[in-house]
Amino acid sequence: MSRKEEELAALRRTQKAAHLERIAKDSQNRFKRIAQTKFRTCFIFALSEFENTFGFDLWGHGLPEDKITPEQKANRIRWDKVRKNILDKGNTQSRALSMEIDLHRVEFEGYRMNLKGNADGQQ
């Protein structure tokens, strides 16, 4: 192999390694985005369900401040604290999940589909 061919082969290996590293990093970032979205949806949806089911009676969810009772005002203050704590802790865990994913090598293998026809060529 000539020196020029060896240089080209080395360049191809370097480019291939860089390409594979970009794919791995893109896969990791894709997985982090998906995981964070699904994780946050879990606790935000739970809060929303609780608010929609119990909020109207307990703290006048959706009503202006001047239309709620003193008991509902007290409950609204408590709910706001609980809601903030849930969101803070959920977001902390979401960030921890992101940092954990950074410790792993992730490769997206793509979506796979296997289509087979029957004897007469139909699905």
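Start with Trp59: in this predicted model its relative accessible area is just 5%, so Trp59 counts as buried, the cut-off being under 20%. Trp59 has a stacking partner in Trp79, with the ring centres 4.8 Å apart and an angle of 15° between the planes. What does that pair tie together? Trp59 belongs to helix H1 (residues 3–59) while Trp79 belongs to helix H2 (residues 70–102), so the two rings tie together parts that lie 20 residues apart in sequence. Trp79, like Trp59, is buried.

Now look at the other ring that stacks with Trp59. As a bit of background, two numbers describe a pair of aromatic rings: the distance of the centres and the angle of the planes. In all, the structure has five aromatic pairs. One of them is Phe50 with Trp59, and it is stacked too, at 6.2 Å centre to centre and 15° between the planes. Is Phe50 buried or partly exposed? With a relative accessible area of 34%, Phe50 comes out as partly exposed. Zoom out a little, and ring pairs join Phe50, Phe54, Trp59 and Trp79 into a cluster.

Trp59 also leads us to Lys73, a residue of helix H2. Along the chain, Lys73 and Trp59 are 14 residues apart, and their C-alpha atoms are separated by 6.2 Å. Lys73 has a relative accessible area of 35%, which makes it partly exposed. What does Lys73 touch, once neighbours within four places in sequence are left aside? Its contacts are then Glu65 and Ile68.

Note on methods. Residues numbered from 1 in each chain as written. Predicted model: local features only at pLDDT ≥ 70, side-chain atom pairs only at ≥ 80, totals over all residues. Heavy atoms only, no water. Phe/Tyr/Trp six-rings, centres within 6.5 Å; stacked < 30°, edge-to-face > 60°. Buried < 20%, exposed > 50% of the residue type's maximum accessible area, 1.4 Å probe, protein only. Helix = DSSP H or I, 4+ residues; strand = E, 2+ residues; numbered from the N terminus. Contact = heavy atoms within 4.5 Å.
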